[in-house]
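Colleague: Before I use this model at the bench, I would like to know what stands behind the terms in its description. Can we go through them one at a time?

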Amino acid sequence: MIVIVDYGVGNLTSIQNMLKKGGTTSLISGKEADILSASKILLPGMGHFDNCMQRFNASGLRSTIEKKVFTDKTPLLGICVGLQMFMESSEEGNEAGLGWMAGKTVRFKPEQMNHSLKIPHMGWQEVKAVKQSALWKGLEGSRFYFAHSFYVQPASVSDTLLMADYGYTIAVGLEKDNILGVQFHPEKSHRFGMQMLQNFANNY
Amino acid sequence: MKRIRVIPVLLLHEGGLVKSVRFKNYQYVGDPINAVKIFNEKEIDEIVVLDIDASKEKRGPDIERIREITSEAFIPLAYGGGISTTEQVKELFYNGVEKVIFNYQAIHQTSLITETAKLVGSQSVVASIDVKKNWLGSYKVCTLNGSETTKADPVSFARQMAEAGAGEIFLNSIDKDGTYGGYDLDLIKQVCEAVSIPVVACGGASGLPDFVKAVDAGASAVAAGSLFVFQRPHQAVLISYPSQQQLEQQLFSAIKQ
């Protein structure tokens with residue numbers, strides 16, 4: 001069973017609805033026993049980075065999820081701030097990130113954009129894969145919904161799976177071993193998001 | 001290619017879906033859940049749902065009703081109407097709302113914008129600004145479906161909203177609402193120049209050329225009501241939305257960069 005981690009943050013019901021629309025049942029839970037028996041883990045995140053980190057650390061689930069991900073190699077998918085939390089730090093706050101991936105989360109820099117764009121970045125953007133991945137099967141040329149002011153900057157180029165343009169090109173999806181994360185919202189990206197979540201559910 | 005969000009706006013009134021002309025003369029459009037289902041199939045960019053009775057009736061959001069609607073929306077849904085506490089915000093997000101829209105409380109309890117931004121992030125907080133020209137021809141911010149006119153001018157109010165933590169401005173011209181007379185481009189220009197956050201233009205759209213004009217005036221996204229729920233000239237109810245091809249050819253490629 002896929003477990004959507006409930007640590008008091010995020011639009012959990014939307015993720016569950018989208019998985020269900022594609023034919024996959026899931027469980028929203030903040031219980032250690034449920035996470036221990038999870039076949040896959042989905043980590044949502046929304047709002048301020050520090051708030052997410054504080055709540056996640058206070059949930060008591062961190063060591064359980066770390067065991068699942070690093071010892072048992074359970075596939076993990078982070079969404080939005082869920083992905084940003086994987087990094088070592090974020091320019092949005094002072095809390096340390098989880099450090100499950102090398103690199104940091106940074107703010108959009110309007111002065112580096114080729115034409116001035118408003119921040120937050122809100123809306124649909126075409127997403128391109130830069131390496132082969134089971135997550136991206138059937139999704140070439142698809143578009144996804146974004147709502148963010150920060151994005152991830154992985155230390156290692158090889159961790160980047162997906163890229164998109166907003167003023168300049170940024171990483172919007174990472175994949176390293178069994179750890180995956182996306183900056184956009186698959187749960188709000190109609191048939192494309194449904195396909196991506198099914199890919200995660202069925203191909204890992 | 002720069003994509004522009006094109007957003008249908010749905011008004012909830014007395015249990016049904018309605019559309020207004022200049023915030024008056026409500027015409028019944030149909031069942032909200034059915035409408036959202038159809039819009040969802042059309043793969044629209046985003047949807048705005050406003051309960052126009054809530055603040056007037058001094059009540060909170062109808063969570064049960066909203067949950068029914070969001071369960072059919074596999075697209076971002078922004079909800080506005082009667083939100084006055086962060087507890088309600090939490091409940092809305094838990095039930096599938098992506099963004100919360102403040103209008104009455106934006107004016108009367110601006111701190112709620114700040115608190116909500118801290119809780120869910122600015123990208124999920126929208127300040128809705130309804131604007132009407134007074135008899136002297138100057139723009140004034142209105143609330144309670146246009147029935148209460150404030151002294152605030154939309155430009156400084158938009159700035160105040162951005163400073164308070166709003167991540168987007170939903171700018172609606174009451175004078176243009178439901179008229180198909182085109183957006184109020186002066187208003188859009190003035191507000192967009194004043195803030196660095198995205199502005200969604202609403203009120204008066206009659207077709208794709210109006211979207212282009214609004215974006216060229218500075219809008220980051222365009223919204224419309226009548227255009228997507230009525231078929232002219234007889235205002236028969238018909239839910240429609242431009243195809244991806246129409247959007248690419250007549251909007252994304254037509255805007256100035």
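Colleague: Which residues have the most contacts inside the largest nonpolar core?

Modeller: This is a predicted model. Its largest nonpolar core has 145 residues, and B:Ile169, B:Leu171 and B:Val222 have the most contacts inside that core.

Colleague: What is B:Val222 in contact with, leaving aside its neighbours within four places in sequence?

Modeller: From the start of the chain's numbering come B:Ile4, B:Val6 and B:Ile7. The others are B:Ala201, B:Ala205, B:Phe211, B:Ala214 and B:Val215. Each pair counts as a contact because the C-beta atoms lie within 7 Å.

Colleague: Why is helix 3 of chain B called oblique to helix 5 of chain B?

Modeller: The axes of helix 3 (residues 86-94) and helix 5 (residues 111-120) of chain B cross at roughly 40° and come within 10 Å. Angles under 35 degrees would count as roughly parallel, and 65 to 115 as roughly perpendicular. The crossing angle fits neither class, so helix 3 of chain B is oblique to helix 5 of chain B. The crossing is right-handed.

Colleague: Which residues make that contact?

Modeller: Helix 3 of chain B gives B:Thr86, B:Val89 and B:Phe93, and helix 5 of chain B gives B:Glu115, B:Thr116, B:Leu119 and B:Val120.

Colleague: How many residues of chain A are in contact with chain B?

Modeller: 26 residues of chain A are in contact with 29 residues of chain B. On the chain A side, helix 1 gives the largest share, six residues.

Colleague: What confidence does the predictor give the complex?

Modeller: An ipTM of 0.92 and a pTM of 0.94. Chain B averages a pLDDT of 96, with 100% of its residues scoring at least 70.

Technical notes. Residues numbered from 1 in each chain as written. Chains lettered and ligands numbered in written order. Predicted model: local features only at pLDDT ≥ 70, side-chain atom pairs only at ≥ 80, totals over all residues. pLDDT = per-residue confidence, 0-100. Core = buried A, V, L, I, M, F, W, Y, C linked by C-beta atoms within 7 Å. Buried ≥ 20, exposed ≤ 12 C-beta atoms within 10 Å, placed from the backbone. Contact = placed C-beta atoms within 7 Å. Axes fitted to C-alpha atoms, helices over the stretch in contact; angles between N-to-C directions. Helix = DSSP H or I, 4+ residues; strand = E, 2+ residues; numbered from the N terminus. Parallel < 35°, antiparallel > 145°, perpendicular 65-115°, else oblique. Left-handed = near helix turned anticlockwise from the far one by under 90°.
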